[in-house]
Amino acid sequence: MTERVHIREVGPRDGLQLIAKMLTSEQKLEWCRRARDAGIEEVEVTSFVPPSVVPQFADASDVARGAIALGGFVASALVPNLKGAQRAIEAGLRKVNYVLSASEAHNQANVRRSTQQSLDNFKDIIDYRNGLAKHAAGRVQIAGGIATSFGCTISGPVDETRVLQIAAKYLEMGADELIVADTVGYGNPGQVRRLMSAVIREAGAVPVACHFHDTFGLGLANVTAAIDAGVRAFDSAVGGLGGCPFAPGASGNINTEDTVYLVESLGFETGIDIAALLDLRRVIEGWLPGERFTGSVARAGLPKTFIPVLGDDGRQRIRMTTT
């Protein structure tokens, strides 16, 4: 059987959080619908943060409910605290991605509390979820994210031991997934291979995902290193949109189209249609003129040597394109 790598589209959240132009709820849901139709299994559709902090997500509840109504994919949201998690669950989401920073300075700048206080807050979220489980239709999945795992623009190096300690705490409290993030794009393949091998050992049967930014052009190299370490799930954004407010000048997320091309070229199945992603990219470019989009597949098209990986049913998951 062909081994699968899961790609989570985070463009409607991370891709939009620093963009001044406000997309409508309908546009965000169109993004989700087209991503679903391209074969993406999970979309991080919004973030439950105060509108005064990120006005782009003032419609978080409406987008969450609309994404659930679309069906056919896992709709998740990023939350920084218990209140955000409560709002996400009340909106009907069955997947919540929590985030804290391994860097104390970054955590204070981002959510105005210590990393330990954020860990304590995660326990509050787990307790809240567990209290609802017997009443809710299905158990809400809670992922624990570790931002700045590979370095910080404020404090510089981040101790890998600290990252592993946070991962262990998450697992002890009941995290359903770990998300290890290179928030500012400082990671390199050797570092990624070393740290992610250790995180995979710590996690055991709990799924582990990576979230890479491409600040220094190493995003896709870091994907390859993470795959070598055993990671089988990655965050990315169509067109490479996104960024961190505490990393001036940094580029956005790894590009979804290029990530799928890389993963399929390595022989893994993604179930994602690159041509459909390029169609979605063109739509988003129309919505966001003047924004910086990245991506080699969009520029050059797929090479004639590219052989898409077949699913276990023998169907071709990705069609060739000369776009």
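When I call a residue buried, I mean that under 20% of its relative accessible area is left, and exposed means over 50%. Keep that pair of words in mind, everyone, because we will lean on them throughout, starting with helix 5. One more thing before we go: what you see above is a predicted model.

So, helix 5. This helix runs over residues 104–111, and H106, N107 and V111 in it are buried. Where do these residues sit around the helix? They span an arc of only 100 degrees around the axis, which places them on the same side of helix 5.

Now step just past the end of that helix, to R112. Here phi turns positive, at about 60 degrees, and R112 is not a glycine. R112 belongs to the loop between helix 5 and helix 6, where helix 6 covers 115–133. Is R112 buried or exposed? With a relative accessible area of 74%, R112 is exposed, since the cut-off for that word is over 50%.

Let's compare notes with helix 4, residues 82–90. The buried residues here are G84, A85, A88 and I89. Their arc around the axis is only 130 degrees, so they too lie on the same side of their helix, helix 4. What about the other side? There we find K83 and E90, and both of them are exposed. Take a moment to turn the structure and look at the two sides of helix 4.

The two ends of helix 4 are worth a look as well. At its start, a side-chain oxygen of N81 comes to within 3.4 Å of the backbone nitrogen of K83. Just after the helix, G92 has a positive phi of about 105 degrees.

Next, a loop with two neighbours in it, T148 and S149. T148 lies in the loop between strand 5 and helix 7, and S149 is in that loop too, with strand 5 at 141–147 and helix 7 at 160–173. T148 has a positive phi, near 50 degrees, and is a residue other than glycine. How accessible is T148? Its relative accessibility is 0%, so T148 counts as buried. S149 is buried as well, again at 0% relative accessibility. And which residues does S149 touch, if we leave aside neighbours within four places in sequence? The contacts are V158, V163, V180, A181 and L195.

Let's move to V10, in the loop between strand 1, residues 6–9, and helix 1, residues 11–15. V10 has a relative accessible area of 0%, so V10 is buried. Leaving out residues up to four places away in sequence, V10 touches G15, E44, H211, D235, S236, A237 and N253. Here is a distance you can check on the screen: the C-alpha atoms of V10 and A77 are 9.2 Å apart, while the two residues are 67 places apart along the chain.

Now for helix 10, residues 256–265, which is where we find T259. T259 counts as buried, because its relative accessibility is 0%. A polar atom of the T259 side chain lies 2.7 Å from the backbone oxygen of N255. Beyond four places in sequence, T259 touches I7, L220, S236 and I254. You may remember S236 from a moment ago, on the list for V10.

How do helix 10 and helix 11 pack together? Helix 11 covers residues 274–287, the angle between the two helices is about 170 degrees, and their axes are 9 Å apart. An angle over 145 counts as roughly antiparallel, and therefore that is how helix 10 and helix 11 are described. Which residues meet there? From helix 10 we have T256, E257, V260 and Y261, and from helix 11 we have I274, L277, L278 and R281. Sorted by class, that contact has 5 nonpolar, 1 polar and 2 charged residues.

Our last stop is the loop between helix 10 and helix 11, home to E269. Is E269 buried or exposed? At 3% relative accessibility, E269 counts as buried. Its side chain is joined to that of R4 by a polar contact of 2.7 Å. E269 also brings us back to the beginning of the chain in another way: E269 and T2 are 267 residues apart in sequence, yet their C-alpha atoms are 6.3 Å apart in space.

That's the tour. Thanks for listening, and do go and find these residues for yourselves!

Conventions
Residues numbered from 1 in each chain as written. Predicted model: local features only at pLDDT ≥ 70, side-chain atom pairs only at ≥ 80, totals over all residues. Heavy atoms only, no water. Helix = DSSP H or I, 4+ residues; strand = E, 2+ residues; numbered from the N terminus. Buried < 20%, exposed > 50% of the residue type's maximum accessible area, 1.4 Å probe, protein only. Polar contact = N/O pair within 3.5 Å; in protein donor to acceptor, adjacent residues only side chain to side chain. Contact = heavy atoms within 4.5 Å. Axes fitted to C-alpha atoms, helices over the stretch in contact; angles between N-to-C directions. Parallel < 35°, antiparallel > 145°, perpendicular 65-115°, else oblique. Nonpolar A, V, L, I, M, F, W, Y, C, P; charged D, E, K, R; others polar. Arc of directions from axis to C-beta.
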